Amino acid sequence: MTYRRVGLIAGVAILAALAVVAAAAARPATHQSSSAATASCSKGVQLGMLAPITGPAGSIGSDQLHWAQFYVARWNASKANKPKIKLVQGDTQLDPSKASTVAQSFASNASIMGVIGPAGSDEVQAVAPILSKAGLVFASGSATRVSLTNGQYKGFFFRDVPNDGVQGPTDANYMNKTLGVKSGETVMIVDDQESYSTGLADIVGASLAAKGIKVDRESISQTATDFSSLVAKAGSAKVVFLPFQLASQAQLFSQQLKAQGKSAIVFGSDGTFDSSKFSTPGAYVSFFAPDVTTIAKNSALVKAYNKAYPGGTTPFGAPNYVLAQMYAAAATMACSDNKISRAEMRKDLAKVRLATTIFGSPVAFTANGDVAGAKFYIFKIQSDGSYKTVG
């Protein structure tokens with residue numbers, strides 16, 4: 001399988017992000033619908049989708065869009081399934097300001113009852129005041145910042161992927177128990193100075209320190225290509241953890257480690273999940289979703305998906321299939337009287353419990369909007385550069 005990755009979901013232009021977040025912070029959050037937003041179910045239920053369909057993260061966004069479209073097409077194809085679902089696309093280009101503009105158009109469209117997305121954590125922060133004020137529920141399949149479910153938008157924002165607070169301990173435990181990093185030994189952690197990277201680095205560092213493992217915390221810029229000085233310091237490190245947003249940098253770091261004869265194991269995170277750019281045999285990557293193409297029960301479905309959308313897929317897409325499935329279930333509940341409102345969709349989405357999913361496990365939301373039973377997955381890069389699930 002070929003995996004595609006352009007940038008990191010959490011990565012955005014920092015000035016735009018700060019401007020949007022500052023503007024959002026200046027406005028008090030008011031969770032009141034801007035309109036009655038009630039529709040007849042006989043006409044179908046519209047869902048908006050916020051995704052970076054074009055731009056630097058277009059391969060990710062198109063994958064997310066296609067998986068959501070794939071579920072909607074399957075749902076609508078059955079005469080027994082009611083109401084029918086219509087997906088309204090909104091291209092954010094992974095830019096909080098663009099996401100805000102599209103979110104406002106969704107908020108003003110009284111026919112839209114819920115939203116899938118947005119993809120990035122900075123985008124979630126930007127659109128949350130807009131969507132919640134309009135009474136719209138929104139659910140992301142890739143935004144992992146811990147603070148997004150701190151209660152400010154409880155009942156409005158959900159996600160079916162685990163947050164960084166789960167990833168940090170997962171990675172630290174794997175290094176300790178599986179890779180054999182013992183108390184007193186050293187793990188080098190190198191962040192790339194962006195909020196996603198530094199936040200995850202902090203959590204992993206704290207988790208390791210709690211186990212008595214020494215942490216050598218370092219930092220690079222996203223434009224750096226020469227890591228020789230850091231590599232020289234990695235002599236005593238058993239593992240080098242790289243929560244980078246650019247997979248190509250993880251590859252360069254790995255190559256320079258090897259060139260200097262260092263034996264440290266390289267361990268990347270979500271942003272490095274790209275076999276076309278990070279393919280160092282023996283390295284590890286943690287990711288927030290399973291590779292659904294490797295789950296035997298999904299074989300027929302994956303074949304159908306690849307026929308509908310040739311070119312391969314990544315684990316970034318499948319969570320949006322599950323979200324579309326959850327929205328369909330919520331719409332079915334809400335439409336018991338053939339009418340649906342945004343308030344009903346919010347209430348019913350929170351109650352959805354899927355006993356089986358393409359993840360290979362049940363999916364439901366916790367009270368604060370996180371996915372219940374959250375866990376991260378560990379992949380090991382094989383000799384041919386492919387990624388194999390190992391934990």
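**Notebook: strand β15 and residue C41**

I began with a single pairing and noted that F287 has Y377 in β15 as its bridge partner. I keep in mind throughout that this is a predicted model.

I then looked up the strand on the other side of that pairing, and found that β11, residues 284–287, is joined to β15 by four bridges, with the two strands running antiparallel.

Next I followed β15 to its second neighbour, where I recorded three bridges to β16, residues 387–389, again in the antiparallel sense. Here I wrote down I381 and its bridge partner Y387 in β16. I looked at the connection as well: β15 and β16 form a hairpin with five residues between them, and in the turn G385 has a positive phi of about 90 degrees.

I asked myself how many of the five residues of β15 are buried. I counted four of the five in residues 377–381, so I describe the strand as largely enclosed by the rest of the structure.

I turned to C41 and placed this residue in the loop between β1 (38–40) and β2 (45–51). Is C41 buried or exposed? I noted a relative accessible area of 6%, which falls under the 20% cut-off, and therefore I list C41 as buried.

I looked up what surrounds C41 and, leaving aside residues up to four places away in sequence, I found that C41 touches P83, C335, N338, K339 and I340. I also took the C-alpha to C-alpha distance from C41 to I85, which is 9.6 Å, although the two are 44 residues apart in sequence.

I then stepped back to the whole chain, for which I recorded 11 helices and 16 strands. I compared its radius of gyration, 21 Å, with the 21 Å that the globule rule gives for 391 residues, and because the two are close I note the chain as being as compact as a globular protein of that length. Along the principal axes, I found that the C-alpha atoms fill a box of roughly 65 × 50 × 35 Å.

I entered the share of buried residues as 55% of the 391 in the chain. Among contacts with a separation of 6 or more, I noted that 73% come from residues 24 or more positions apart.

I closed with the surface and the charges: the accessible surface comes to about 15000 Å², with 54% of it belonging to carbon and sulfur atoms. For the 36 positive and 24 negative charges, I recorded that their mean positions are 9 Å apart.

Definitions and conventions:
Residues numbered from 1 in each chain as written. Predicted model: local features only at pLDDT ≥ 70, side-chain atom pairs only at ≥ 80, totals over all residues. Heavy atoms only, no water. Rg over C-alpha atoms; globule rule 2.2 N^0.38 Å. Buried < 20%, exposed > 50% of the residue type's maximum accessible area, 1.4 Å probe, protein only. Contact = heavy atoms within 4.5 Å. Areas by Shrake-Rupley, 256 points an atom, 1.4 Å probe, with all protein chains shown as cover. Lys, Arg positive; Asp, Glu negative; His and termini not counted. Charge placed at Lys NZ, Arg CZ, Asp CG, Glu CD. Pairing = 2+ DSSP bridges.
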